[in-house]
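Me: Please take a close look at one part of this model for me: the packing of helices and sheets. Tell it as one connected story, loops included where they fit.

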Amino acid sequence: MLGVLAGRVAAIAALVAVIAAVFAASSSAASSPAGPAHGTLRLSVPDGFVVGGQLVTVPDRVVHVQGVVRPYVAGQTVLVKAFLGSKPLKTARLSILPAAGGRYGRFSVAISSPSAGQVTVQAGHKRTATLGGLLARGSVAVLDEHAGFGSSGPFVELIQQRLAALHFYIPQTGVYDSGTGLALDAYHRLLHWGTYQTLDGRTISYLLDGFGEFKVRFPTHGRHAEGNLSLQLLALVDGSHVYRIYPISSGKPSTPTILGDFHVYSKVPGYLPDGMYFSNFFISGYAIHGYNPAPDYPASHGCMRVPIVDATSIYGWLQIGNWVDVYY
C-alpha cells in the first residue's frame, strides 16, 4: 500500500511539474538591470491540465495561479490581472509571503472563467529600493465543454486523458467514439450512476477532480482479474494497482456467472463457433471473452462478456495461471 501511495504521490508531483513548465514556457518574466534592486517572478497553475502542450481548464472551474518571487522582501506586493480575451476578469493586489524559511516569496490567486476562451494572467511588481520591477504573463485555454459522439478537439482529448488516468480502458483517439462511450459507461457504473455513455456537467466535474476508484479486494493475488458483478465491471489488477477497467455483461438470472476464485486455465484466440472472441477460460466453460452484443446489463449464459473492441487488450494481458476473482 505504501508503495502504491508513493507511486501516486510521484505521479502527481510529475504532473504538477509538467503543468508548471507549460505555464512558465508561455509566460515571460522581466527583472530590472543588475544592481541593488533585482529579482525574478515566475507563475504556474498546478491544478490546470495539459493537452497538446497547452495549459487548459473548463468554464466555472477554479484554478489557482501561483507565483514565486526571488528574493523574498518583507512588505512587498504584486498586482495580478486576468483577462478573458480582452475583457477584464479579475484584479487583485496580493502580499508576497515568505516561503522555505524566507529563501523566496510566494502568492496565489484563484481564477475562474464564466465561458470558453483564452484567459491571460499578468502579475507585476513595481521597482522599489529592495526589489526590482518584475512582470510575468501566462495563458490558460478555457475549453468549450459541449461534446458528443463524433466530436473532436482538445476537450475530448482532456476527457479521454482523465478517463485513462483513472485506469479505464480507452484508446485515446481524440475523437468521441465508441471507445469513449464505453469508458464513460464504465465510469458511471463505478460511481453507481447507472449506465449511459454521454457527458454531463456532473461527470465532467468528477472526472476533472479525479473521483472514482475501483476497490481491489484481492491484492495478494498478484497479476489477476476481478469481476465485480454488482458494478458489472472487470478490472485487470497487478497486486493492488489497477491497470485497466472494462464494462462487462455477466450471466443473466437464469444462467448466472459462477462466483469464487479461479485461475485462467485456457486461452483461445479468435472466434469460437458460438461467437466467443479471444476467450480466457477460468473454470469449466466460463470465460472472459468478447461478444456481440455485450449490453449494459447481465445477459450472458454465465461468462463475463466484454465488447468486441475490448477483448484483445484483455486477452493480451491475462496469462495462464492468473487468478480470476468473481464476486458481488
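Reply: First, a word on the labels: strands are DSSP runs of E with at least two residues, helices are runs of H or I with at least four, and both are numbered from the N terminus. Keep in mind that this is a predicted model.

Let's start with the four-stranded sheet. It is open, with mixed pairing and the order β16-β17-β18-β19. At its edges sit β16 (266–271) and β19 (304–306), each of which pairs on one side only. From one strand to the next, the twist averages 15°. Look at the β18 end: β18 (residues 286–290) and β19 pair in the parallel sense over 3 bridges, and I288 has M304 in β19 as its bridge partner.

Two loops here deserve a stop. S284 sits in the loop between β17 and β18, and its phi is positive, about 50°, although it is not a glycine. For context, most residues other than glycine have a negative phi, and most peptide bonds are trans. S284 has 54% relative accessibility, and since anything over 50% counts as exposed, S284 does too. In the loop between β18 and β19 you'll find P293, and the peptide bond joining N292 and P293 is cis, with omega about 10°.

Now bring in α5. This helix lies across β16, β17 (277–283), β18 and β19, running at about 55° to β17.

Follow the chain back and you meet the other open sheet, with 5 strands in the order β14-β13-β12-β20-β15 and mixed pairing. β14 (241–247) and β15 (260–263) are the edge strands here; each has a single partner strand, so one side of each is left without a neighbour in the sheet. The twist averages 20° from one strand to the next. The β14 edge is held to β13 (residues 233–238) by 6 bridges, with the two strands running antiparallel. One pair to click on is A235, whose bridge partner in β14 is I245.

What covers that edge? Helix α3 (residues 178–190) lies across β13 and β14, at about 105° to β14. Helix α5 (residues 308–317) turns up again too, packing on the sheet and touching β12 (223–228), β13 and β14; its direction makes about 150° with that of β14.

From α3, step over to α4. The axes of α3 and α4 come within 12 Å and cross at roughly 85°, which makes α3 roughly perpendicular to α4. L184, Y187 and H188 of α3 make the contact with T203, Y206 and L207 of α4. By class, that contact of α3 with α4 divides into 4 nonpolar, 2 polar and no charged residues.

And α4 leads on to α2. The axes of α2 (residues 154–165) and α4 (residues 201–209) come within 9 Å and cross at roughly 60°. That angle falls in none of the parallel, antiparallel or perpendicular ranges, the last of which runs from 65 to 115 degrees, so α2 and α4 are oblique to each other. Their crossing is left-handed. On the α2 side you have F155, L158, I159, R162 and L163, which meet I204, L207 and L208 in α4. The contact of α2 with α4 has 7 nonpolar residues, no polar ones and 1 charged. Notice L207 again: it also takes part in the α3 contact.

Technical notes. Residues are numbered from 1 along each chain as its sequence is written. This is a predicted model: local features need pLDDT of at least 70, side-chain atom pairs count only at pLDDT 80 or more; totals for chains, interfaces and linings use all residues. Side-chain values use heavy atoms; hydrogens and water are left out. Axes are lines fitted to C-alpha atoms, for helices over the stretch in contact, and angles run from 0 to 180 degrees between N-to-C directions. Angles under 35 degrees count as roughly parallel, over 145 as roughly antiparallel, 65 to 115 as roughly perpendicular and the rest as oblique. A crossing is left-handed if the near helix is turned anticlockwise from the far one by less than a right angle, and right-handed if clockwise. Contact means heavy atoms within 4.5 Å. Ala, Val, Leu, Ile, Met, Phe, Trp, Tyr, Cys and Pro count as nonpolar, Asp, Glu, Lys and Arg as charged, and the others, Gly among them, as polar. Two strands pair if DSSP finds at least two bridges between them. Buried means under 20% relative accessible area, exposed over 50%, partly exposed in between (1.4 Å probe, protein chains only).
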